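Have the model open in a viewer while you read. We'll start with how strands are matched up, then work through the inside, the loops and the ends.

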Amino acid sequence: MNKVVLLAFCAAFTGGYHTNASASLLNVGGFAFDSTALADDVISGHGKFCTDAGSCGKRGTSESVVRRVTDALPGSYVFAQSGEAYLELGFTNNVAYNGEGYDLALFELGLPDYFTISLEKHGEKQVVSSYATGDRVKGYDLNVGLIDLSDWGLNLGDSISSLIIGMGSVDPTIRTTPSLSLVAALHTTAPDVANVPLPASALLFLTGLGTLSLRRNKDFTRTVI
Ligand SMILES: [Ca+2]
Ligand SMILES: [Ca+2]
């Protein structure tokens, strides 16, 4: 088996990659969901962002930012250049609804970090911390922040079509910011979305492929949102 075939074989059994090109099932960080469960639009944004390509000063609604936070690739991501930056993400071909347990998964890379989440502008903000999924992408830990819409007062069955994600640091003593790569609804109108933990990743085979420095966004001094 050559290396290309071996890598393809490994990717087929790992979280963090689109594992089936012909179907719409995605497996990211141990979570399985339909491709239609992804947040697929940036409705609005505030502040400037850097991308994994190393370019900064990007507006939240710029093509380079929108593509990175709405594609199915955990290895493409953005991070904020200022503490007050946020992205308002939307679901255009589905809605996310409040089911049992967690309802939304926010994936980011590097050191575990914090998102400030609200469901509407000037609405109640809550801090959601991410944790390592055990998968690695481009040589970095793939982390996930989980949201239960009940924490915002939604009843079971209530749905949302957007959310606002604060991307700056929540505390000036925390000199890191999240590197957001995609957001998925775990309960959605898409066909039978499953929140099923998968076997541990084989991505360790692939960690030597990425050399981008994620540390840059971990060194910014932030202000409290
Ligand atoms: Ca829930
Ligand atoms: Ca991405």
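Two strands count as paired when DSSP finds at least two bridges between them. With that in hand, take strand 3 and strand 7 of this predicted model: they run antiparallel and are joined by 5 bridges. Strand 3 covers residues 41-46, and strand 7 covers residues 86-90. If you want a pair to click on, Gly45 stands opposite Leu87 in strand 7.

Strand 7 has another partner, too. It pairs with strand 14 in the antiparallel sense, again over 5 bridges, and here Leu87 sits opposite Ile165. So what does strand 14, residues 162-166, pair with besides strand 7? The answer is strand 10, in the antiparallel sense and over 3 bridges. Ile165 turns up here as well, since Ile117 stands opposite it. Moving on from there, strand 10 is joined to strand 11 by 4 bridges, and those two run antiparallel. Ile117 has its bridge partner in strand 11 in Gln126. You can now walk from strand 3 to strand 7, on to strand 14, across to strand 10 and over to strand 11.

Strands make up a good part of the list of elements: the protein chain has 15 of them, along with 2 helices. Of the chain's 225 residues, 46% count as buried. As for contacts between residues at least 6 apart in sequence, 76% join residues at least 24 apart.

Leu89 gives you a close-up of that kind of long-range link. It lies in strand 7, and although 46 residues separate it from Ile43 in sequence, the two are 5.7 Å apart in space, C-alpha to C-alpha. Is Leu89 buried or exposed? Buried: it has 27 other C-beta atoms within 10 Å, and the cut-off for buried is 20 or more. Apart from neighbours within four places in sequence, its contacts include Ala39, Asp41 and Val42, as well as Val69, Leu163, Ile165 and Val183. The strand around it is mostly covered, with 4 of its 5 residues buried. The count is 4 of 5 for strand 10 too, which is also mostly covered.

Now for the nonpolar inside. The largest nonpolar core has 51 residues, and the ones touching the most other members are Val69, Leu106, Ile165 and Ala184. Leu106 is worth selecting: beyond its neighbours within four places in sequence, it contacts Phe115, Ser130, Val144, Gly145, Ile165, Leu180 and Val183. Val69 brings in helix 2, residues 63-70, whose buried residues are Val65, Val66, Arg68 and Val69. What covers those buried residues includes strand 3, strand 4, strand 5, strand 6, strand 7 and strand 15.

Next, a few backbone oddities. Most residues other than glycine have a negative phi. Two residues here go the other way. His122 has a phi near 70 degrees, and Lys138 has one near 55 degrees. Both belong to loops: His122 is in the one between strand 10 and strand 11, while Lys138 is in the one between strand 11 and strand 12. Their surroundings can be read from the neighbour counts. His122 counts as exposed because it has 7 C-beta neighbours inside 10 Å, and Lys138 counts as buried because it has 23.

A positive phi also shows up in a hairpin turn. Strand 1, residues 25-28, and strand 2, residues 31-34, run antiparallel and are joined by 4 bridges. They form a hairpin with 2 residues between them, and Gly29 in the turn has a phi of about 55 degrees. Within this hairpin, Leu26 stands opposite Phe33.

Finally, check the confidence before you zoom in too far. The mean pLDDT of the chain is 79, and 73% of its residues reach 70 or more. Which stretches stay under 50? Residues 1-23 do, and the model has 34 contacts beyond four places in sequence for them. Residues 190-225 do as well, with 83 such contacts. Where pLDDT is low, the predicted coordinates should not be read in detail.

Terms used. Residues are numbered from 1 along each chain as its sequence is written. Chains are lettered from A and ligands numbered from 1 in the order in which they are written. This is a predicted model: local features need pLDDT of at least 70, side-chain atom pairs count only at pLDDT 80 or more; totals for chains, interfaces and linings use all residues. A residue is buried if 20 or more other C-beta atoms lie within 10 Å of its own, exposed if 12 or fewer, and partly exposed in between; C-beta atoms are placed from the backbone. Two residues are in contact if their C-beta atoms, placed from the backbone, lie within 7 Å. A nonpolar core is a set of buried Ala, Val, Leu, Ile, Met, Phe, Trp, Tyr and Cys residues joined through C-beta atoms within 7 Å. pLDDT is the predictor's confidence in each residue, from 0 to 100.
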